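Me: I should like to learn how enclosed spaces and buried helix faces are read from a model. Could we begin with a cavity and its lining?

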Amino acid sequence: MTVHSQLQPYIDAWTHSIESINDLVSPLAEGEWNRPTECPYWSVRDVVSHIIGFECELLGDPRPIHTLPSDLRHIDSEMARYTEVPVDTRRHHTAPEMTSELEYTIIRRCRQLRNESRQPDAEVRAIGGGQITLEEQLWGRVFDVWVHEQDLRRALDTPGNLASAAAVLSRDYVLRALPKLVAEDAGARPGSAVVFDVHGPLEFMRTVRVSAEGHATIDSAVSLGPAVTFIVDWETFLRLLAGRVRPAAVADKLKIEGDGDLADAILSHIAVTR
C-alpha cells in the first residue's frame, strides 16, 4: 500500500460518499436533474457539476474557458465566480452526459488516490489557489462531497448516510469553526461556555470554552452552568452550519437555554461555510 495510513480514512470516506452520489443520480430522469436543492441557487445538476469540476481540478485537468452570465445574483466574490464556472459550463448537459462524466471522474480520482504516496503534511495547491497540506485537502474534499450528498438526498427525498464515516469526518471538520464563532463573531464573555447538544443519527455534545484572556477552545467535556445550551438534531445542525437554512426557519427544531442575546448572536453567525 502506497497510501499513508493517516490518509486512508479520508480516502475511504470520500469514496463511499461520492459513490453514494453516483448511485443516487444514475437513475434520475432528465427533469429530476433540475430539482432545486438547499444549496443556494443550485439544482441537482449544478451540485453534481460542482463536484465533478473540483475533482477534475485535483486531477490536473485544465479549467474551462467560460464567461459567466451577468445575471447570476449569487456571484458576489471572486471565489464564488471561480466555483461557478465549472457549474455553469454544464447547465445544459443531458442526464446521460452528467452520469457518464461523473462515473469517469470517480474512476480517475480513485486511481489517483490509490497511487498517492505523499506524506499527510506534504504541501499541495488548494482549490482556488494557495497552499494547504495534503491531509487538509482530502479532509476538505470529504466535507464538501458529503455535505453535497446530503443536499442531493434532501432534494430527492432519499435520506441516508447521516452517520457514515464521511459524516463523522465532516462533523469534526466543521466543529473547528465554533470557537471563533462563539468568542470572536458572537462576542461571548471571557470565562463563559456554550454547549452544543446534538442528537439523532450522529449524537454528540461539544462545549466551547472562552478563557479569561478571550481565547476559545472546544472539547467534549460537560460544562456546569454554561451561558447558552443549544439542543438540536444533527441534520438541522448541519444545515445551519452549512448555510442551507436560516435559524428562524427551523426554530421548532432548535431548543435554546440560557442567555438569549448571546444565543441570537451565535445564530446570526452560525453559517460558517457555504
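Reply: The model is a predicted one. A lining is read by listing the residues that have an atom within 4 Å of a cavity point. For the second largest cavity, these residues are Phe196, Phe230, Val232, Phe237, Leu240, Leu254, Leu267 and Ile270. Two elements, β6 (228–233) and α8 (234–241), each give two or more residues to this lining.

Me: How do the residues of the lining of the second largest cavity divide into nonpolar, polar and charged?

Reply: Eight are nonpolar, while none is polar and none is charged. The space in this cavity is about 30 Å³, and the structure holds two cavities of 30 Å³ or more.

Me: Which residues are buried in helix α7?

Reply: A residue is called buried when its relative accessible area is under 20%. Within α7 (residues 178–185), that applies to Leu178, Pro179, Leu181, Val182 and Ala183. These buried residues pack against α6 (165–175), β3 (193–199), β4 (204–210), β5 (216–219), α8 and α9 (260–268). Helix α8 thus appears both in this packing and in the cavity lining.

Me: Which residue takes a positive phi just after α7?

Reply: That residue is glycine 187, with a phi of about 70 degrees.

Me: How many residues of helix α3 are buried, and what covers them?

Reply: Helix α3 (residues 78–88) is mostly covered, with eight of its 11 residues buried. They are Ala80, Tyr82, Thr83, Glu84, Val85, Pro86, Val87 and Asp88. The elements covering them include α2 (44–58) and β1 (123–125).

Definitions and conventions: Residues are numbered from 1 along each chain as its sequence is written. This is a predicted model: local features need pLDDT of at least 70, side-chain atom pairs count only at pLDDT 80 or more; totals for chains, interfaces and linings use all residues. Side-chain values use heavy atoms; hydrogens and water are left out. On a 1 Å grid over the protein atoms alone, a cavity is a set of points where a 1.4 Å probe fits but cannot get out, and a pocket is an open set with protein on both sides within 12 Å along at least five of seven lines; lining residues have an atom within 4 Å of a point. Grid points are joined across faces, edges and corners, and a volume is the space filled by probe spheres set on the points. Helices (H or I, at least four residues) and strands (E, at least two) are DSSP runs, numbered from the N terminus. Ala, Val, Leu, Ile, Met, Phe, Trp, Tyr, Cys and Pro count as nonpolar, Asp, Glu, Lys and Arg as charged, and the others, Gly among them, as polar. Buried means under 20% relative accessible area, exposed over 50%, partly exposed in between (1.4 Å probe, protein chains only). Contact means heavy atoms within 4.5 Å.
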